Amino acid sequence: MSFDLNFIGILIGAIMASSVPLILAASGELITERSGVLNLGVEGMMIIGAISGFALMVVTDNLFFAVIGSMFSGLIISLIFGLLTQSLLTNHVATGLALTIFGIGMSAMIGKNFVGIPGKEFPLLFPNLKESIPFLGPIFFGHSIILYFAFGLPFLTNYFLKKTKTGLIVRAVGDSPTSASNQGINVTLVRYSCILYGGAMCGLAGAYLSLIYTPQWIENMTGGRGWIALALVVFATWSPIKVLIGALIFGGITILQLHMQAVGLRIPVQLLSALPYIMTIIVLVIISRDSRKIKLNTPTSLGQIFYKEK
Amino acid sequence: MEVQLIKIEKRSDVSRSIYFLTPVLAIFLTLFGGGIIFYILGFNPIEALKFFFITPISDLYGLSELLVKATPLCLIAIGLSFCFKSNNWNIGAEGQLIFGGIVGGGVALLFYNHDGFYVLPIIILSGAIGGMLFAIIPAILKTYFNTNEILVSLMLVYVAKLLLDYLVVGPWSNPEGFNFPETRQFSESARMPILFDGLRIHAGIFITLITVFLSWLILYKTYLGFQIKVSGLSLKTAKYAGYKGKIMIIIVFMISGACAGLAGVGEITGPIGQLHRNISPDYGFTAIIVAFLGRLNPVGIIFASLIVALTYLGAETAQIFLQVPKYTGQVFQGMILFFLLGSDYLLFFKIKFLGLKKNEL
């Protein structure tokens, strides 16, 4: 049996593409969580991003507006979460759930008239190099610009959190909001910004799905990716680089499952589809057992309500 | 000069009447918000809201459908209230419902050519046990491996859905069913008795009501209920009092899993009568809203389940009359929870209108 190196390259390229929405959403949520806010609305923000991106593409016929618009609508919908949790001091878990339920419903309502409309071709960079270089071509070239951005994002996030003053402030707010507040930091403002940033990234993740990955609008098309992204943040113990690795593993499982189905292996399709979820649980158990490991980067005040007496 | 018009103060005590009135406020705000959304979409808001909330229950059949939908919602929410009261975030009730349905359905298929009074009770019991076992997984992982129960219970929802899919497509599919993804119809003795001819309301409602009563007994009249409530209010106090925290976590998960499993088995032996891919329209997730809207209180949850059940019916009616997707119901469900949580602010804070005093101007 000949070993087709180019095929492996294409496979790796496909894995990278399927991990993009996970990287984007998880990197955004990571910043939100690092500031001490647990937003379970990732799925809802992603699906809103997906429909707004697609709708804007159809209406304006401009992909740039579509992408920017999806980030903006992710940001707007996360503002609801911000208002509730930060200004009205509601419970993070319940508010996030409400956001997901609301987002799925709202996206279906907006998307009613966009079902069945074919997507537009998204420009891919260096398509010639993808064809002409075997193995490395399909890995490094012929992707959308969003993919390159997504793969750079974890490194940027890491740099931001570890090397910049603003990053330090975000971490301080997440670890000890009271002392941060005593130092004159506006905790609520920092948390608002982190929530909005997370929303924008989730919106972009959704747009990647509806504009590039499966370029069309389907109701509920995020299909649980938002929840996987949330699990990824814990999986990565709140470290951005590990988010990248985790997303590639999950992307790998998704693609592997598709190929095993295509090859006709006698394994139930459903078992393969369940693998990412089962894997998440197993990994969660492994990392959570070691309490030192999980405490290293865990924002101490995660999910706790901060209230400053005025 | 900056003049402060309103002042926000923390309340020293939470008023009980406001505690149960804010859900009503939230419902009105949701209707208002829904009206605005319908208006933006180009509908007459009053007409649309009428189709959503009045038309579905304006006849006997509609009222029966309301109870058919409220039956599982109330049951699951009651179970969840045990978890939420003790600060355990079981958000995988949907998975526990499905797994209960799978186990109960499996037993029903086993008995497909049996007749006898014993068949239905065995099925119901096995469904409850199924849901309970499925809920033990996140509980054990939380207590002994320190794993986040939110994520585990949620991931298990997908696992349960895929397992059900595998079973109804593969080994359990109806041998005479032309490869449709569904099992055989259950035998007559495996079905919940229908209460009135021509309506779908079934005996499952009694299971729900009995469970509500038992839950009230446990929560308000037993030491276990007391422990659950104290742990929810302050973990430190609970530890200091020497409560066995780990066992309690497992117990509340078992209770809520059993309730969700019962809801699942009630659906498949009640309105559905077989297993197929979609045995629940996300009842397990919606029940979370019901639990909160009912203030985690057994009586409150009964009312809340009726209101949230109406959003399901409303979405179905609106789909027919207004051609809006059935997901519209979720917009309302999400809004109810938003407004409810938001109006809780009134519980803990007092807003004082100071007005402008003459000397400040």
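What follows is a set of questions and answers on how a predicted model of two chains, A and B, earns its descriptions.

Q: What makes chain A as compact as a globular protein of its length?
A: Set its radius of gyration against the globule rule: chain A has 20 Å, close to the 19 Å that the rule gives for 310 residues, so the label fits. Its C-alpha atoms fill a box of roughly 70 × 45 × 35 Å along the principal axes.

Q: How do you know whether chain B agrees with a compact globule?
A: Same kind of test. For 361 residues a compact globule would have a radius of gyration near 21 Å, and chain B has 23 Å, which agrees. The box here is roughly 90 × 60 × 35 Å.

Q: Which elements make up each chain?
A: Chain A has 14 helices and zero strands, while chain B has 14 helices and two strands.

Q: What share of the contacts in each chain joins residues at least 24 apart?
A: Counting contacts with a separation of 6 or more, it's 78% in chain A. For chain B the figure is 78% too.

Q: What makes Leu296(B) count as buried?
A: The cut-off is 20 or more other C-beta atoms within 10 Å. Leu296(B) has 20 C-beta neighbours inside 10 Å, so it counts as buried. Leu296(B) sits in the loop between α11 and α12 of chain B, and its phi is positive, near 55 degrees, though it isn't a glycine.

Q: And why is Gln323(B) called exposed?
A: Exposed means 12 or fewer such neighbours. Gln323(B) has 8 other C-beta atoms within 10 Å, so exposed it is. Gln323(B) also belongs to a loop, the one between α12 and α13 of chain B, and has a positive phi of about 55 degrees without being a glycine.

Q: How do you know how the span of α1(B) compares with the expected one?
A: Helix α1 of chain B covers residues 16–40, which is 25 residues, and reaches 37 Å from its first C-alpha to its last. At 1.5 Å a residue you'd expect 36 Å, so the span is close to expectation.

Q: Where is α1(B) kinked?
A: At Thr22(B), by about 30 degrees, shortly before the proline Pro23(B). Both Thr22(B) and Pro23(B) are buried, as are Ala26(B), Thr30(B), Gly34(B) and Phe38(B). The cover over the buried residues of α1(B) includes α2, α11, α13 and α14 of chain B. After the helix comes Gly42(B), with a positive phi near 95 degrees.

Q: Why might buried residues in a helix recur every three or four places?
A: An α-helix has 3.6 residues a turn, so residues three or four places apart point the same way.

Q: Which residues touch the most other members of the largest nonpolar core?
A: Leu232(A), Ile76(B), Ala77(B) and Val290(B), out of 196 residues in that core. Helix α10 of chain A gives the most to it, with 16 residues. Leaving out residues up to four places away in sequence, Ala77(B) touches several residues, among them Ala287(B), Val290(B), Ala291(B) and Ile301(B).

Q: How many residues does each chain bring to the contact between A and B, and which element of chain A gives the most?
A: Each side brings 38 residues. On chain A, the elements giving two or more residues are α3, α4, α11 and α13, and α4(A) gives the most, with 12 residues. The chain A side divides into 25 nonpolar, 10 polar and three charged residues.

Conventions. Residues numbered from 1 in each chain as written. Chains lettered and ligands numbered in written order. Predicted model: local features only at pLDDT ≥ 70, side-chain atom pairs only at ≥ 80, totals over all residues. Helix = DSSP H or I, 4+ residues; strand = E, 2+ residues; numbered from the N terminus. Rg over C-alpha atoms; globule rule 2.2 N^0.38 Å. Contact = placed C-beta atoms within 7 Å. Nonpolar A, V, L, I, M, F, W, Y, C, P; charged D, E, K, R; others polar. Bend = angle between axes of the 7 residues up to and from the residue. Core = buried A, V, L, I, M, F, W, Y, C linked by C-beta atoms within 7 Å.
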